[in-house]
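User: Take me through one part of this model up close, the packing around its buried side chains. I'd like one connected account, with numbers wherever there are some.

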Amino acid sequence: MLAEPLSVDRVLDAVRAPSVGGVGLFVGLVRDIDDAGDGAGERGVASLDYSAHPSAAAELSRVAAEVAERHDVLAVATEHRVGHLEIGDLAVVVAAGAVHRAAALAACRDLIDTLKQQVPIWKAQQFTDGDTEWVGLP
């Protein structure tokens, strides 16, 4: 969990190796609109604040190791922000390096999906109408 801006290059470098022929990369950005899918429609987002449980870094490492074991990859890496983020800021960067692209892309998708499901990170969305909504709380 990082309070400072994330680095796509740092995550990409973490999965580079002489045998890596393909890298799956996902970059999550803070967007200016939210559609919760609950039928209420879209809402304008002003900013986000991410919070993480003290165990989040260890859980992120555990998830990355488990995803790496499930796929034919040589390396996986991820960074996730905490703190206040503005529209356009990088919220999460995930990468997987493999000999071939198919394994890299599958592992990358698995890593971001599993991270979102299992790592105790929560966000408070500040909407343009002044409301705040917490997302990801247990």
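**Around the buried side chains**

Analyst: Let's start with helix α1: the cover over its buried residues includes β1 (22-29), β4 and β6 (90-98). Keep in mind that this is a predicted model. The buried residues in α1, which spans residues 8-15, are V11, L12 and V15. They take up an arc of only 100 degrees around the axis, so they sit on the same side of α1. At the N-terminal end of α1 there's a cap from S7, with a side-chain oxygen 3.4 Å from the backbone nitrogen of D9.

Now follow β4, one of the strands in that cover. T78 belongs to strand β4, and it touches V11, one of several contacts beyond its sequence neighbours. How buried is T78? Its relative accessible area is 18%, so it counts as buried, given the cut-off of under 20%. The other T78 contacts, leaving aside residues within four places in sequence, are L60, V92, V93, V94, L111 and L115. V93 also figures in a polar contact: its backbone oxygen is 3.0 Å from a polar atom in the side chain of T78.

Three of those names lead on to a helix pair. L60 is among the α2 residues that meet α3, while L111 and L115 are among the α3 residues that meet α2. Helix α2 covers residues 56-70 and helix α3 covers residues 101-118; their axes are 9 Å apart and the packing angle is about 145 degrees. The crossing of α2 past α3 is right-handed. The α2 side of the contact is made of E59, L60, R62, V63, A64, E66, V67 and R70, and on α3 the partners are A107, D110, L111, T114, L115 and Q118. Sorted by class, that's seven nonpolar, two polar and five charged residues.

L115 brings us back to β4, since it's also in contact with H80. H80 sits in strand β4, which runs over residues 75-80. Is H80 buried or exposed? At 5% relative accessibility, H80 is buried. Its side chain comes to 3.4 Å from the backbone oxygen of A91. Not counting neighbours within four places in sequence, the contacts of H80 are M1, L2, L6, Y50, A91, V92, L115 and I121. V92 is a contact of T78 as well.

L6 gives us a link to the edge of this region: it touches H80 and it also touches L90. L90 is in strand β6, and with 22% relative accessible area it's partly exposed. Beyond four places in sequence, L90 touches L6, V8, V27, G28, L29, R81 and L85. G41, by contrast, lies 24 Å from L90, C-alpha to C-alpha, with their positions 49 residues apart in sequence.

From H80 we can also step over to Y50, a residue of strand β3 (residues 42-52). Y50 has a relative accessibility of 12%, so it counts as buried. Which residues does Y50 touch, apart from those up to four places away in sequence? They're H80, R81, V82, G83, L85, A91, I121, W122 and K123. Both R81 and L85 turned up with L90 too, and A91 is the residue whose backbone oxygen the H80 side chain reaches. On the far side of things, the C-alpha atoms of Y50 and P18 are 35 Å apart, though the two are 32 residues apart along the chain.

The Y50 contact list includes W122, which takes us to strand β7, residues 121-127. W122 is buried too, at 17% relative accessible area. Its contacts outside the four-residue window are D49, Y50, S51, A52, H53, W134, V135, G136, L137 and P138. G136 adds a polar contact, with its backbone oxygen 3.0 Å from a polar atom of the W122 side chain. And W122 and A56, 66 residues apart in sequence, have C-alpha atoms 10 Å apart.

So what's the trail in brief? It goes from V11 in α1 to T78, from H80 to Y50, and from Y50 to W122.

Key
Residues are numbered from 1 along each chain as its sequence is written. This is a predicted model: local features need pLDDT of at least 70, side-chain atom pairs count only at pLDDT 80 or more; totals for chains, interfaces and linings use all residues. Side-chain values use heavy atoms; hydrogens and water are left out. Helices (H or I, at least four residues) and strands (E, at least two) are DSSP runs, numbered from the N terminus. Buried means under 20% relative accessible area, exposed over 50%, partly exposed in between (1.4 Å probe, protein chains only). A polar contact is a pair of N or O atoms within 3.5 Å; within protein, one must be able to donate a hydrogen and the other to accept it, and residues adjacent in sequence count only if both atoms are side-chain atoms. Contact means heavy atoms within 4.5 Å. The arc is that of the directions from the helix axis to the C-beta atoms. Axes are lines fitted to C-alpha atoms, for helices over the stretch in contact, and angles run from 0 to 180 degrees between N-to-C directions. A crossing is left-handed if the near helix is turned anticlockwise from the far one by less than a right angle, and right-handed if clockwise. Ala, Val, Leu, Ile, Met, Phe, Trp, Tyr, Cys and Pro count as nonpolar, Asp, Glu, Lys and Arg as charged, and the others, Gly among them, as polar.
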